[in-house]
Amino acid sequence: MKVLRRFIHREALLAVGFVTLGFLALFFFFDLIDELRLVGRTGPDGYQLSHALLFVSLSIPSHLYELLPITVLIGTIFVMARLAQSSEFTIMRTSGMGPWQALRTLLTLGGFFVLLTFAVGDYVAPLTERAAQLIKVRHLGRLTSGATGAWLKERQQDHSFAVNVRALTPDGGMLDVRIFEFDEKGRLASQTHATSGRFALPGGWELQQVRRSSFLQPGSEEARVEQLQVPVLQWPTRISADMVAASLIKPDRMATFDLFQYIRHLDANGQSAQRYEIEFWRKVFYPLSCLVMVVLALPFAYLHFRAGGIAGYVFGGVMAGISFFLLNNVFGYAGNLQNWSPWLTAAAPGLIYTLLSLAAFGWLVLRR
C-alpha cells in the first residue's frame, strides 16, 4: 500500500507543480505588462526595466499563495481522472485500496499543501511583498495608498488624535504628516502639520518644519487660536512604523500575527476593524481549503471515461477552482459591506465546498 501511496503522491505533486508553473507564468506576464507603464518615470534613481522585472518576480509568492488551492484541485483532478481512464485506479482498488484508504492518501497530500500554503502566505509572501514595495519606494520616491495616504487613530488620556501620513520615503521617513487633536467633548483642540517626520525612539515621532494651530476655549463663548511654528517637534505616540506601513499595504499581503496586532490597535482606538478581521480569518481558513480540494478531486477516480473524455472533467476542475476563488472574494466584499461575522464570512466558501466534496464522495464513491 505504501507503493501505491507514493505513486499517487508523486503523480499529484508533478501535476500540481506543472499547473502552478503555468498559472504563475501567466500572472508574471500580466504583471510585467502592467509594470511597463511605470518604466522611465522619474524618481530618486529612476524606474527601469530591471526594476520592473525584480518587482514582478518578488510578487510571485503572493500569487502562489492565492493559486495553490486552485492548482491543487486542478492537478489532483487531472491525476485521478487519468488513473481512472487508464484503469490504473481500478487495479489499485482490486489490490486492496478502498475508498477510505484513498481518502486518507489524498488527505495526507492535502496536509502537505496546507503547510506549504500557510508557510508561503505567512512568511515568504509578506517578506517579498515588502521588498517589492521597497523597490518602488526607492526608485519612484514614495509609498502611498489612495489619494490621501494612511489614516490612523489614537487615544491619549481623554483626548483622541486622527493622524494622516501621506507617504513613506525610501529611508523609512514620513511625508506630509497631519495630526488632528480632539478634546473629551469631540471638539477640535489643535491641528498640526509637518512637511516630514521620522520614527524616533519607541514612544514618539520627530516632526520637521512644523506648523501647529491650537484652539483654546477658556470657558466663555470667545475662542482663541495660538499659532506655533518650529523646525523640530517631538510628538509622543504609540503608533509605530509597522502600523503606518500596515495601513499602506493591502491586508491580504500581511502576516497573520501582524494582522492580529493591527486589529488590536484599531479596537483599542475605537476604529472599525471589520475588513482586517475578515482578512485575518481568511488567513486562518484559506490554507485548509487545500484539504477540501483533494477530497473534491477523489470522486473523479471512480468515474468511467471514454477516449478523450478526460479533458472535459479537467475543464470542470478549472471552473470549480475559479468559482472558489471568485466566491472567496465575493464573500469578503459582501461581509465587509453587510457587517457579517468575520470568521463566518471567511469560512463560508470553504464550508460550501466541503459540503459539495462530501456529497460527491458519498454519492460517487460510497454508494457506487
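Here are four short exercises, with worked solutions, on the predicted model above.

**Exercise 1. Find where the prediction is most and least confident, and set the overall picture.**

Start with the whole chain: the mean pLDDT is 82, and 88% of the residues score at least 70. Next, go element by element through the 11 helices and six strands. Helix 1 (residues 2-35) comes out highest, with a mean of 91, while helix 6 (residues 241-248) is lowest at 72. Keep in mind as you go on that coordinates should not be read in detail where pLDDT is low.

**Exercise 2. Work out which elements build the largest nonpolar core, and which residues sit at its centre of contacts.**

Begin with the size: this core holds 42 residues, and those with the most contacts inside it are Val72, Met80, Phe89, Met92, Met97, Phe113 and Leu298. Now assign the core to elements. Two or more residues each come from helix 1, helix 3 (60-85), helix 4 (88-94), helix 5 (99-140), helix 9 (289-297) and helix 11 (342-366). Helix 3 is the top contributor, giving 10 residues.

Then zoom in on Val72. Setting aside neighbours within four places in sequence, Val72 touches Val16, Phe113, Cys290, Met293 and Val294. A second core lies apart from the largest one; it has 26 residues, including Leu152, Phe161, Met174 and Val244.

**Exercise 3. Check whether helix 10 is close to or far from its expected span, then list its buried positions.**

Count first: helix 10 runs over residues 310-338, which is 29 residues. At 1.5 Å a residue the expected span is 42 Å, and the model gives 41 Å from first to last C-alpha, so the two are close. For burial, apply the cut-off of under 20% relative accessible area. In helix 10 the buried residues are Ile310, Val314, Gly317, Gly321, Phe324, Asn328, Phe331, Gly332 and Gly335. Just after the helix comes Asn339, with a positive phi near 60°.

**Exercise 4. Compare the annotated transmembrane regions with the modelled chain.**

Take the record first: an unreviewed UniProt entry annotates "transmembrane region" at residues 12-33, 53-81, 102-120, 284-303, 310-331 and 343-366. Now test two of these segments. Residues 102-120 are 100% helix and 0% strand, with end C-alpha atoms 27 Å apart. Residues 310-331 are also 100% helix and 0% strand, and their end C-alpha atoms lie 32 Å apart.

Finish with the surface: about 19,200 Å² of the protein is exposed, with carbon and sulfur atoms supplying 62% of that area. Of the 368 residues, 47% count as buried.

How values were computed: Residues are numbered from 1 along each chain as its sequence is written. This is a predicted model: local features need pLDDT of at least 70, side-chain atom pairs count only at pLDDT 80 or more; totals for chains, interfaces and linings use all residues. Side-chain values use heavy atoms; hydrogens and water are left out. pLDDT is the predictor's confidence in each residue, from 0 to 100. Helices (H or I, at least four residues) and strands (E, at least two) are DSSP runs, numbered from the N terminus. A nonpolar core is a set of buried Ala, Val, Leu, Ile, Met, Phe, Trp, Tyr and Cys residues joined through side-chain atoms within 4.5 Å. Buried means under 20% relative accessible area, exposed over 50%, partly exposed in between (1.4 Å probe, protein chains only). Contact means heavy atoms within 4.5 Å. Accessible areas come from the Shrake-Rupley method with a 1.4 Å probe; for residues, only the protein chains shown count as cover. UniProt positions are given in the numbering used here, feature names are shortened, and annotations may be inferred rather than shown by experiment.
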